[in-house]
Amino acid sequence: MIQPFTPEPIRYVAEDGTPVQPLPARFTPELLRELHALMIQAREFDRKLITLLRQGRTTFYAQSSGMEATQVGLARSIRVGHDWVWPYYRDHTLGLAMGVPMFELISQCLGTNSDTCRGRQMPHHFAAQAQNFVSISSSIASQVPPAAGNAMAQKYLGVDEITVCTFGDGATSEGDWHSGLNMAGAAQAPALFVCENNQWAISTSIREQTASETIHIKAKAYGMPGYYVDGNDIVAVMEVLTQVAEQIRGGGGPALVECLTYRVGSHSNADADAEKHYRTREEVEEWLGRDPITRVEKLLEHLGHPISAEERAELIARTHREVDEQVLRAEATGQPDWRIVFEDVYADLPDHLRQQEAFLRAEQTGGQA
């Protein structure tokens with residue numbers, strides 16, 4: 001069994017791809033290749049969406065490059081569509097790995113008629129009903145208290161679902177984060193809190209945010225175990241999160257898991273130029289050398305099942321083709337009409353909104369019906 005509060009991150013695979021402890025039997029070459037393909041897809045999705053951003057076809061995007069092992073590993077550690085996920089704004093890789101259709105993600109980013117929010121939510125802030133993936137919010141840590149409440153309701157109802165709540169290291173500096181963990185701990189609710197510690201809250205480093213040596217150690221204050229994981233080692237991520245999720249499901253109460261990783265891109269397009277001023281190129285290069293995708297490739301090579309350059313290139317090309325196809329498909333549905341302003345809220349539109357609708361219709365149509 002895994003142990004809480006370890007001084008060093010739990011790891012199964014070293015950065016050079018060699019196992020540092022026996023690999024669990026389920027990590028066959030076939031599974032590792034599948035996980036590798038998901039991580040490649042997420043990395044290339046990032047690159048293509050940044051291109052769309054630069055072309056002015058969307059207005060906001062937050063990359064997850066460098067964090068693929070944490071998010072794909074989490075997706076493969078829970079019961080998708082059964083458990084509930086309260087994500088943060090960098091979790092599109094998590095969504096893709098959970099089976100959220102790429103078309104839905106792209107439609108939401110572009111705000112087309114195929115977007116389930118019909119262009120009324122900030123780009124890259126999607127939800128997915130089939131996967132129980134709650135709508136992303138930009139407000140830091142605002143998802144933590146309602147996630148705790150969701151878990152408390154699950155306990156009250158006696159279901160075997162759990163609630164998964166993700167956040168970055170910056171969220172742990174917010175009052176909402178502490179309130180949510182305190183609620184879950186006091187209620188012994190079935191909540192799995194996952195800190196995707198990428199070490200930067202926009203331009204504020206983890207060392208400037210807290211005097212704690214780690215994030216997971218904060219779990220002690222709320223009466224729950226804390227686990228420390230190498231977030232770039234997908235084997236470690238899956239092993240720890242799978243075991244912890246099932247402990248929680250079995251009535252063990254909430255837990256906090258810190259996955260130590262790194263965002264190699266900017267915080268978002270809002271600081272694409274500024275990020276070079278608050279962290280060094282040497283730091284970024286060091287973490288590029290710890291690439292979670294490369295680590296899986298080196299592991300497969302060590303196991304005698306290498307991924308060829310041709311195979312890798314085809315994985316990349318396949319993702320590019322799929323993104324291009326889904327972008328064209330989403331754009332073909334057109335932009336939402338002005339009438340959606342008055343739809344999907346009231347069953348019967350109040351009089352003051354009827355008046356506003358009539359005024360806007362006259363303005364938009366030149367007085368034509």
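Two strands pair if DSSP finds at least two bridges between them. Keep that in mind as you click around this predicted model.

**Stop 1: the sheet**

Select β1, β2, β3, β7 and β6, in that order. You're looking at an open sheet of 5 strands, and the pairing is parallel. β1 (84-86) and β6 sit at the edges, each pairing on one side only. Look along the sheet and you'll see a twist that averages 20° from one strand to the next.

**Stop 2: the β1 edge**

Zoom in on β1 and strand β2 (residues 163-168). They pair in the parallel sense over 3 bridges. Which residue of β2 stands opposite Trp84? Click on Thr163 and you've found it.

Now add helix α2, which packs on the sheet and touches β2, β3 (191-197) and β7. Its direction makes about 165° with that of β3. Add helix α5 (residues 144-157) as well: this helix packs on the sheet too, touching β1, β2 and β3. The direction of α5 makes about 165° with that of β2.

**Stop 3: the β6 edge**

Move over to β6 and strand β7 (residues 255-260). Their parallel pairing runs over 5 bridges. To see one partnership, pick Asp230 and look across to Leu260 in β7.

Next, show the side chains of β6. Gly226, Tyr228 and Asp230 point one way, while Tyr227 and Val229 point the other way. Is this strand enclosed or open? Residues count as buried when they have under 20% relative accessible area. In β6 (residues 226-230), 5 of the 5 residues are buried, so the strand is largely enclosed by the rest of the structure.

**Stop 4: over the helix**

Trace the chain from β6 through helix α8 (residues 234-252) to β7. Together they make a right-handed β-α-β unit.

Bring back α2 (residues 68-75). Its axis and that of α8 come within 8 Å and cross at roughly 35°, and the crossing is right-handed. To light up the contact, select Ala69, Thr70, Val72, Gly73 and Leu74 of α2, plus Ile234, Val237, Met238 and Leu241 of α8. What classes of residue are these? The contact has 7 nonpolar, 2 polar and no charged residues.

**Stop 5: a histidine in α1**

Last, select His36, which you'll find in helix α1 (residues 29-54). Buried or exposed? His36 has 0% relative accessibility, so it counts as buried. Leaving aside neighbours within four places in sequence, His36 is in contact with Ile293, Val296, Glu297, Ile307 and Leu315. Show those five side chains around His36 to finish the tour.

Conventions:
Residues numbered from 1 in each chain as written. Predicted model: local features only at pLDDT ≥ 70, side-chain atom pairs only at ≥ 80, totals over all residues. Heavy atoms only, no water. Buried < 20%, exposed > 50% of the residue type's maximum accessible area, 1.4 Å probe, protein only. Helix = DSSP H or I, 4+ residues; strand = E, 2+ residues; numbered from the N terminus. Right-handed = clockwise from strand over helix to strand, strands pointing away. Axes fitted to C-alpha atoms, helices over the stretch in contact; angles between N-to-C directions. Left-handed = near helix turned anticlockwise from the far one by under 90°. Contact = heavy atoms within 4.5 Å. Nonpolar A, V, L, I, M, F, W, Y, C, P; charged D, E, K, R; others polar.
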